[in-house]
Structures are given as C-alpha cells and as structure tokens.
Amino acid sequence: APRYPRYTREEVGRHRLPQDRVWVTHGTEVFDVTDFVELHPGGADKILLAAGGALEPFWALYAVHSQPHVLELLREYKVGELSPEEAPPAAAAAGDPFAGDPPRHPGLRVNSQKPFNAEPPAELLAERFLTPNELFFTRNHLPVPAVDPGSYRLRVEGPGGRALSLSLPELRSRFPKHEVTATLQCAGNRRAEMSQVRPVKGLPWDIGAISTARWGGARLRDVLLHAGFEEEREGEWHVCFEGLDADAGGAPYGASIPYGRAVSPAADVLLAYEMNGEELPRDHGFPVRVVVPGVVGARSVKWLRRVAVSPAESPSHWQQNDYKGFSPCVDWDTVDYKTAPAIQELPVQSAITHPRPGAAVPAGELTVKGYAWSGGGRPVVRVDVSLDGGRTWRVARLSGERPPPGRAWAWVLWELQAPVAAGAELE
Ligand code: HEM
Ligand code: MTE
C-alpha cells in the first residue's frame with residue numbers, strides 16, 4: 001500500500017477554499033476534493049460546507065452518501081492520513097485560558113471564538129430531526145474545563161436530604177438510564193434578526209442557536225429521591241446547578257429551576273451522560289450535564305459538579321443578572337434585574353431554513369423548509385406559511401416524533417411545496 005503523508009486536523013482546516021485547495025477527512029484519511037467540487041451531484045455549495053473538516057456529520061444528514069460507490073469515488077482523491085491527535089497544549093503554559101478547548105468542526109458558523117459560540121449552517125439545520133453532535137450549536141460562557149472522568153464526582157446536597165458524592169460509574173449503574181429527545185434553544189437565538197429592528201447587545205446568532213439530540217442519563221428526580229428529598233415540599237424551593245467552568249474570580253457557571261420541575265416525573269429533567277448515543281462531547285458538558293426539556297438552554301448546566309436544593313434561586317450571575325426579559329422602554333443603562341423573573345419556559349418559535357433571505361429561486365415549484373418548536377412541552381400543532389407577506393396562507397407538512405401529551409420537548413420540521421411565478425418577489 002502507498003505511504004501517505006500525515007497531516008494534523010489543524011493543517012486540514014486551512015484548506016477551505018478552492019484557491020487553497022479543498023480538503024476533507026473521512027475516518028483517519030485526508031482527501032483533496034478540489035477537482036470534485038464542481039462535479040458534486042449535491043452542488044458545490046454543499047460540499048464546501050464540510051471543507052477543512054470531517055465529512056461524517058454532513059453525510060449523517062444526507063443518506064445518499066452511504067453507498068459503496070460514493071466511498072470508491074472519494075478514494076481517488078486521497079492525499080494523506082491524519083496524524084495521531086496531538087496532546088492538547090497545557091493551558092497554563094500557553095497563558096491562554098482557552099488553550100485547552102477541544103477541536104471543533106470548521107463548518108460551524110462561529111459567533112465568538114473565546115469563549116466558543118457557534119451554530120450549524122442555517123441551510124442544514126432542519127435537514128434531519130436529530131442534529132449530529134459535531135454540528136450541534138455550542139454556547140460557552142467560559143473556557144471548557146478538562147475533566148478527568150476517573151476522579152469526577154457529582155455532589156448532591158441541601159436541607160432535607162443526605163449529601164451524595166457520585167462517581168460516573170455510580171451515576172450510570174445506580175439509576176436507570178432514561179432517554180429523552182429534546183431540543184435546546186438559547187435565549188439569544190435569532191438575535192441578528194432582532195438587531196435589524198433595533199440593535200441588541202449580545203452574540204449575533206442567526207437562526208441556529210437551537211439543535212435537537214437524544215439525551216441519555218439518570219433522571220434528576222431519581223437522584224434527588226435517592227438522596228431522601230421528598231416529592232412534595234412546603235414553601236418555595238429551587239434546585240441549583242453548578243458547572244466546573246469558572247470565571248477569573250472563581251465563580252462557577254450556575255443556574256436553577258423550581259423544585260417542582262426537578263422532581264416531576266413528567267418534566268423529564270436529566271443528568272445526561274450521553275448525546276445521540278455517544279459519550280457527551282467536551283463542548284456539550286462532558287462528563288455530565290443537566291438537560292431541562294422545554295426550558296431556556298441556560299438552565300441546562302454543562303460540566304455539572306454540584307446539585308443543591310435551596311430555598312433561593314441560584315446566586316449565579318446568569319440566573320440573577322442575565323436571561324431575563326424586559327419592556328422595550330428599558331435599556332442597558334436603566335435595567336434593574338431584580339424586577340423580572342429568570343426565564344424558564346420559552347415561547348413558540350418557527351424559522352425558515354430554506355430558502356435563505358435574499359436568495360434567488362427559480363420559477364416553478366419551490367420547497368420552503370424550516371423548524372418549529374415551543375417551550376414547556378407544548379406541541380406545535382400547525383405551521384402556516386405565507387409567500388406574499390401574510391396575504392394568503394398555506395399549511396405546511398410536519399414531521400417529527402409523536403410525543404406523550406405535554407411532553408413535546410423536540411422541534412418539528414416542516415416543509416411546503418408551492419408554485420412560484422417568474423419574476424415574483426416572495427416575502
Ligand atoms: C449527492 C459525493 C459531500 C450533500 C452526492 C452523490 C455523490 C456525492 C456521489 C450522488 C449520490 C447518488 O445519487 O448516488 C460526495 C462526496 C463528498 C460529498 C465525494 C465529499 C467529498 C457532501 C456534503 C454535503 C453533500 C458535505 C452536504 C453538506 C449532497 C446532497 C446530495 C449529494 C444533498 C443529493 C443531491 C440530489 O440527489 O439531488 N454526493 N458528496 N455532499 N450530496 Fe454529496
Ligand atoms: N453550562 C455551563 N457550565 N457553562 C455554560 O456556559 N451555557 C448555557 C448552558 N449551560 C453554559 C452551560 C447556555 S446559555 C446554553 S444555551 C446551553 O448550555 C447550550 O448548550 P450547548 O452548548 O450544548 O448547545
């Protein structure tokens with residue numbers, strides 16, 4: 001067999017444009033597909049979305065590629081092998097707290113590098129019901145902590161229960177594994193569009209600060225009951241979560257949810273250690289994260305180190321002084337965070353993933369596609385689409401899972417075929 005040169009993922013990542021040659025990886029092999037880009041049956045634009053990185057998450061979206069002739073075709077373009085992963089640089093030595101962050105797929109649309117915040121390309125978002133892990137949106141406030149799974153312990157404590165310190169094997173073996181398909185959405189999803197109406201402070205998310213996965217883990221309820229906490233408690237109680245990521249002053253990322261949601265069997269709150277059948281990726285909370293279905297993503301604390309039952313909400317900055325809603329007459333200089341409750345359930349949402357704004361579409365049959373989701377487990381019953389600015393409407397076809405009543409935690413994908421006249425402006 002021929003010997004191929006070895007390349008690091010970083011070197012592959014520099015080949016994203018035809019003028020730099022277009023490289024992709026599959027398994028541990030490296031391919032230069034520059035000459036195939038224009039020949040691709042799925043279009044040059046699609047293949048370029050994977051440029052510089054792995055093909056697998058994109059091929060997971062389009063099953064046409066799982067045929068032997070596709071791999072045979074790819075083989076002709078092989079130019080190298082991936083070198084065994086380099087050890088992550090020591091964060092302290094580099095003097096950069098983000099130096100230990102994990103590698104990411106270069107196809108993600110990055111809104112901020114440090115901390116890392118990125119979303120999948122809008123046009124791919126609703127191509128498949130479950131978002132591949134490598135393309136799932138990432139919302140980090142701080143550097144990604146490096147966690148040794150062997151010494152990891154999850155602390156559970158608070159008045160009314162006995163304190164627990166759970167290792168990963170204990171969390172996996174003592175509690176039944178429960179699986180939930182849930183969409184996570186950040187409160188800032190579509191902020192770029194909001195800013196077109198009036199400038200808004202924060203990351204300029206397009207429509208991709210939302211993704212869906214099948215999560216597996218222990219129910220928070222089972223862990224709390226195991227620690228002796230009661231199903232019903234008198235008065236106001238909250239369950240507070242702390243992450244292993246901390247700011248320069250040592251304050252961890254934190255958030256809380258009401259006690260009732262935490263213990264409710266119908267709320268499906270998880271201490272998740274699996275995402276789409278794989279171990280949680282580092283960016284999404286390895287080794288354990290909270291998943292609070294139907295609730296703003298900010299409460300689904302990643303890299304979970306502590307669960308505390310408390311008479312007060314989490315004292316964290318992100319519970320107290322962020323992720324709240326105000327009147328349009330309030331701005332950053334006049335806001336008093338104490339006057340509004342922390343956001344929990346989110347309202348209904350629907351976005352068009354195809355065609356993109358400003359796109360030219362050929363006359364004839366047009367396919368309009370998107371996602372729709374509601375917080376609180378409320379099902380999306382219908383998606384209405386107008387192509388003429390709201391004058392006339394058509395009903396889209398929905399696809400997704402059929403959830404139990406009140407537990408519609410995942411988005412639905414929707415699609416509509418409609419005739420388009422030549423030269424028409426669509427809104
Ligand atoms: C179709 C190869 C990357 C999206 C195809 C087909 C081949 C192919 C051979 C036709 C399959 C058939 O009908 O039997 C490749 C190779 C790639 C690549 C070699 C990488 C080097 C991608 C990426 C995307 C993509 C990254 C999406 C982001 C599609 C789509 C079709 C398609 C949507 C279906 C087109 C249609 O049937 O209308 N690809 N592909 N491909 N590919 Fe790819
Ligand atoms: N948990 C910790 N420990 N640190 C964080 O920065 N970000 C929160 C939440 N949990 C965050 C966290 C926010 S605002 C969101 S929207 C979700 O994680 C995003 O989860 P994801 O990155 O897996 O998509």
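This short talk covers the surroundings of ligand 2 and then the aromatic pairs in a predicted model.

Let me begin with the shell, where 19 residues stand around ligand 2, and those that come nearest are F137, D245, H284, R289 and K302. If we sort that shell by class, we find eight nonpolar residues, seven polar ones and four charged ones. As for secondary structure, two strands, β7 (138-139) and β12 (238-246), each contribute at least two residues to the shell around ligand 2.

Turning to individual polar contacts, I would point to the side chain of K302, where a polar atom lies 2.5 Å from an oxygen atom of ligand 2, and to the side chain of H284, which has an N or O atom 2.6 Å from an oxygen atom of the ligand. The backbone takes part too, since a polar backbone atom of S300 is 3.0 Å from a nitrogen atom of ligand 2. How much of the ligand does the protein bury? Taken alone, ligand 2 exposes 530 Å², and the protein buries 100% of that. The space that ligand 2 takes up is, moreover, the largest cavity.

Let me now move to the aromatic rings, for which the count comes to eight aromatic pairs. One of them joins F36 and Y77, whose rings are 5.8 Å apart centre to centre, with 50 degrees between the planes, and this pair is classed as tilted. F36 sits in the loop between β3 (29-32) and α2 (44-49), while Y77 sits in the loop between α4 (68-75) and β4 (78-82), so the pair ties together parts that are 41 residues apart in sequence.

Technical notes. Residues numbered from 1 in each chain as written. Chains lettered and ligands numbered in written order. Predicted model: local features only at pLDDT ≥ 70, side-chain atom pairs only at ≥ 80, totals over all residues. Heavy atoms only, no water. Near = heavy atom within 4 Å. Polar contact = N/O pair within 3.5 Å; in protein donor to acceptor, adjacent residues only side chain to side chain. Areas by Shrake-Rupley, 256 points an atom, 1.4 Å probe, with all protein chains shown as cover. 1 Å grid on protein atoms, 1.4 Å probe; cavity = no way out; pocket = protein on both sides within 12 Å on 5 of 7 lines; lining within 4 Å. Sits in = over half its atoms within 2 Å of the grid points. Helix = DSSP H or I, 4+ residues; strand = E, 2+ residues; numbered from the N terminus. Nonpolar A, V, L, I, M, F, W, Y, C, P; charged D, E, K, R; others polar. Phe/Tyr/Trp six-rings, centres within 6.5 Å; stacked < 30°, edge-to-face > 60°.
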